Amino acid sequence: MSDYYVHPTAVIDDGCTIGTGTRIWHFCHVMKGASLGRRCILGQNCFIDRNVDIGDNVKIQNNVSVYTGCHIADHAFLGPSCVFTNVNTPRSAFPRTDPTVDYIDTWVRRGASIGANATIRCGVELGEWCLIGSGAVVVDDVPAHAVVVGVPARRKGWACLCAGVLKQRESDGHWVCPEANCNREYAIADGHVELVHTPEHARSMVALD
C-alpha cells in the first residue's frame, strides 16, 4: 500500500516521485520525472509536467498546469486556474521544445501564494511569503512578503506569514499583522521585511518532519 493517495481517474506516469501524505485528485496527470513533496494536495484537473520539482505541503487548486521549468518551494499555494508559462515567444510553426535551451525557469519561493486566475510570466521569481492577487498578471520579480495586484501587477502592501496584510504602527514604525490570532510584528526597510516579534498566541506554521 502506498503512503499517498491517488484518485482512480488520475494518471501517474512511471518514474515520478510522490511524498508521504500527498493527495492527488480527479483527472490529474503527473508526468515522468516530476517530484512532489510530502503532504501536497493536487485538486481536480491538475497537470504536473516532466521534471517539475514541488516542495512539501504545497496546495495546488483545480485546473492548474505546472510546466517544465517551474520550481515550487515548500508551503506554496497555487490558486484555482492560475497560469504558468515556460516560453516567452511561442510559435506553433517553430516549436521550442528543448528544455535545456528554450524553457525559462520560474521560481515560486517558500510560502508564496498565487490567487485564482493570476498569470505568471516565465522567468520571474515570486519571493518568500508574497501574495499575488486574483487575476493579476505578474511580469516582474516579486519581493518577499509583497502584496501585488493588477495588470501588470504592482505592489500594494506587505503580507504576514499568515497572509494578513500588514499595517504600520505610528508609535514605533513597526508593521503589524491585523489578524487577531496572529499580530506578528515586522520591521521593513528598503524593501526588506524582517520578522521582529511573534506573540505566543500567534498561529503556528505547519510542522514538517
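The dialogue below goes through the strands, backbone, aromatic pairs and largest pocket of a predicted model.

Trainee: Where should I begin with the strands, and in what order do the nine strands of the open sheet lie?

Mentor: Begin with the order of the strands and the sense of their pairing. The nine strands run in the order S1-S4-S7-S10-S13-S16-S19-S21-S22, and the pairing is mixed. At the edges are strand S1 (5-6) and S22, each of which pairs on one side only.

Trainee: How many bridges join strand S19 to S21?

Mentor: Two bridges join strand S19, residues 131-132, to S21, and these strands run parallel. Within this part of the sheet, Ile 132 stands opposite Val 148 in S21.

Trainee: Which strands form the open sheet of four, and what is its pairing?

Mentor: That sheet has the order S23-S24-S25-S26, with antiparallel pairing. Its edge strands are strand S23 (167-168) and strand S26 (192-197), and each pairs on one side only. Inside it, S24 and S25 are paired in the antiparallel sense over two bridges. Trp 175 has Tyr 186 in S25 as its bridge partner.

Trainee: I should like to turn to the backbone. What is found for most residues other than glycine, and for most peptide bonds?

Mentor: Most residues other than glycine have a negative phi, and most peptide bonds are trans. Against that background, Ser 81 has a positive phi, near 60°. Ser 81 sits in the loop between strand S13 (77-78) and strand S14 (83-84). Asn 183 also has a positive phi, near 65°, and is placed in the loop between strand S24 (175-176) and strand S25 (185-189).

Trainee: Why does Asn 183 count as partly exposed?

Mentor: The class runs from 20% to 50% relative accessible area. Asn 183 has 24% relative accessibility, so it counts as partly exposed. Ser 81 is partly exposed as well, with a relative accessible area of 25%.

Trainee: Which peptide bond is cis?

Mentor: The bond from Val 151 to Pro 152 is cis, and its omega is near -10°. Pro 152 belongs to the loop between strand S21 (146-149) and strand S22 (154-158).

Trainee: How is a pair of aromatic rings described?

Mentor: Such a pair is described by the distance of the centres and the angle of the planes. A search of the whole structure finds two aromatic pairs. In one of them, Tyr 5 and Trp 25 are tilted, with 5.0 Å from centre to centre and 50° between the planes. This pair links distant parts of the chain, 20 residues apart: Tyr 5 is in strand S1, and Trp 25 is in the loop between strand S4 (23-24) and strand S5 (29-30). Tyr 5 is partly exposed at 35% relative accessibility, and Trp 25 is partly exposed at 28%.

Phe 47 and Tyr 67 also form a tilted pair, at 6.1 Å centre to centre and 55° between the planes. Phe 47 lies in strand S8 and Tyr 67 in the loop between strand S11 (65-66) and strand S12 (70-72), so the pair ties together parts that are 20 residues apart in sequence.

Trainee: What shows where empty space is left?

Mentor: Rolling a probe the size of a water molecule over the atoms shows this. Here, the largest pocket holds about 400 Å³ of space. Of its 20 lining residues, the closest to the centre are His 75, Gly 111, Trp 129, Leu 161 and Cys 162. By class, the lining comprises twelve nonpolar, five polar and three charged residues.

Notes:
Residues are numbered from 1 along each chain as its sequence is written. This is a predicted model: local features need pLDDT of at least 70, side-chain atom pairs count only at pLDDT 80 or more; totals for chains, interfaces and linings use all residues. Side-chain values use heavy atoms; hydrogens and water are left out. On a 1 Å grid over the protein atoms alone, a cavity is a set of points where a 1.4 Å probe fits but cannot get out, and a pocket is an open set with protein on both sides within 12 Å along at least five of seven lines; lining residues have an atom within 4 Å of a point. Grid points are joined across faces, edges and corners, and a volume is the space filled by probe spheres set on the points. Ala, Val, Leu, Ile, Met, Phe, Trp, Tyr, Cys and Pro count as nonpolar, Asp, Glu, Lys and Arg as charged, and the others, Gly among them, as polar. Buried means under 20% relative accessible area, exposed over 50%, partly exposed in between (1.4 Å probe, protein chains only). Two strands pair if DSSP finds at least two bridges between them. Rings of Phe, Tyr and Trp (its six-membered ring) pair if their centres lie within 6.5 Å; planes under 30 degrees apart count as stacked, over 60 as edge-to-face and the rest as tilted.
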